[in-house]
Amino acid sequence: MLRFGLCCIFSREPIRFRHTTAKALSAFSKTQQLAKLSEICLANAEGLLGAVRAVSRMGIGAFRISSPIFPRYTHPLVGYGLDDLPGAATIRGLLAKVHDYKKVHDIRLSFHPDQFITISSQKTEVVENSLRELEYQGFVAELIGADIINIHGGGAFGDKNAALQRFRQSFGRLSERVRQRLTLENDDRIYTVKDLHPVCTDLGIPLVYDVHHHRCHPDGLDVEQATGLAVETFEKTGREPYFHISSPSEGWETGNPRKHADYVDWRDFPKAWINITATIDVEARAKELAVMKLMRDLGLLRISQAMGEGDETNRQDAEGIQ
């Protein structure tokens, strides 16, 4: 019952998501800005529908959505609301199709906001910006049926306990639609599973377990113990556990083990995950090719069944991976 996930973009599929900057938008009038943003958001909504259809065809069960699918949405100068856009009705219609498709085909959707989202910050401005960004992602998540908005603990700021207390306080300010989707992930430098588990338990936040981060930043728990704690937090909310996996591009013994490789070495896949029901995001630079390779290495993907008839490019890519 393992479900594997693709993160944000594709390697070979002709699906792209568009972006813009506040600087570029500021050169236009407000009306022109909204017209440009409407065009970009419409293209991204079409891309998202194409993405969920593509991962379903490949036998991939989850898709992580890039945070700026509506670029600069919360920016103080060029920000906007969906209904401000000329193409709002069409965009909403496409997102409704994404919601329906993911439900029918059982595709799990998630968001993983950028590192600047830090609700434990000592700076009021950073916290306020982070809360606004999370509310935006909660809004989009509700439209498309995404059930995960995953964040890290943020910085320690010299005192982990104080930082986590600020996290607790900020969490209480979030809307219900964000709180019910928020998850907390261990990172590779500051917050471990052991650090975050008490917070997750107290606040009812599921813990997303990143095994690569745990291996880079151990805390005395072994992989099986950490997996068990993470699963427990999801079970309390009645939801499917969520994990992340990756392999180091420079190996575990030399260089920097934090950098992600193009593919995941199947030997890095925890034995503790084999017989459980869970979603596993594959964080690898080869994107969908890496997901399919790991599934095949684990004996979980039959290329002839996962690929549609006539889809020779993807079939050859997957079969040709060494």
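Visitor: At about what angle does helix 10 run to strand 1?
Guide: Helix 10 (residues 288-297) lies across strand 1, strand 7 (242-245) and strand 8 (278-282). This is a predicted model, in which local features need pLDDT of at least 70 and side-chain atom pairs pLDDT 80 or more, while totals for chains, interfaces and linings use all residues. Residues are numbered from 1 along each chain, and side-chain values use heavy atoms, without hydrogens and water. Between N-to-C directions (C-alpha line fits, 0 to 180 degrees), helix 10 runs to strand 1 at about 160 degrees.

Visitor: In what order do the 8 strands close into a barrel?
Guide: The pairing of these strands (DSSP runs of at least two residues, joined by at least two bridges) is parallel. Neighbouring strands are turned by 30 degrees against each other on average, direction ignored. The barrel order is 1-2-3-4-5-6-7-8.

Visitor: Which residue in strand 4 is the bridge partner of Ser110?
Guide: Strand 3 (residues 108-111) and strand 4 (residues 148-152) run parallel and are joined by 2 bridges. In strand 4, the partner of Ser110 is Ile148.

Visitor: Does His213 count as buried or exposed?
Guide: His213 lies in helix 8 (residues 211-216; helices are H or I runs of at least four). Its relative accessibility is 9%. Since under 20% is buried and over 50% exposed (1.4 Å probe, protein chains only), His213 counts as buried.

Visitor: With which side chain does His213 make a polar contact of 3.2 Å?
Guide: His213 touches (heavy atoms within 4.5 Å) residues including His152, Asn186 and Asp187. The polar contact (donor and acceptor N or O atoms within 3.5 Å) joins His213 to the side chain of Glu185.

Conventions:
Lists of a residue's contacts leave out its neighbours within four places in sequence.
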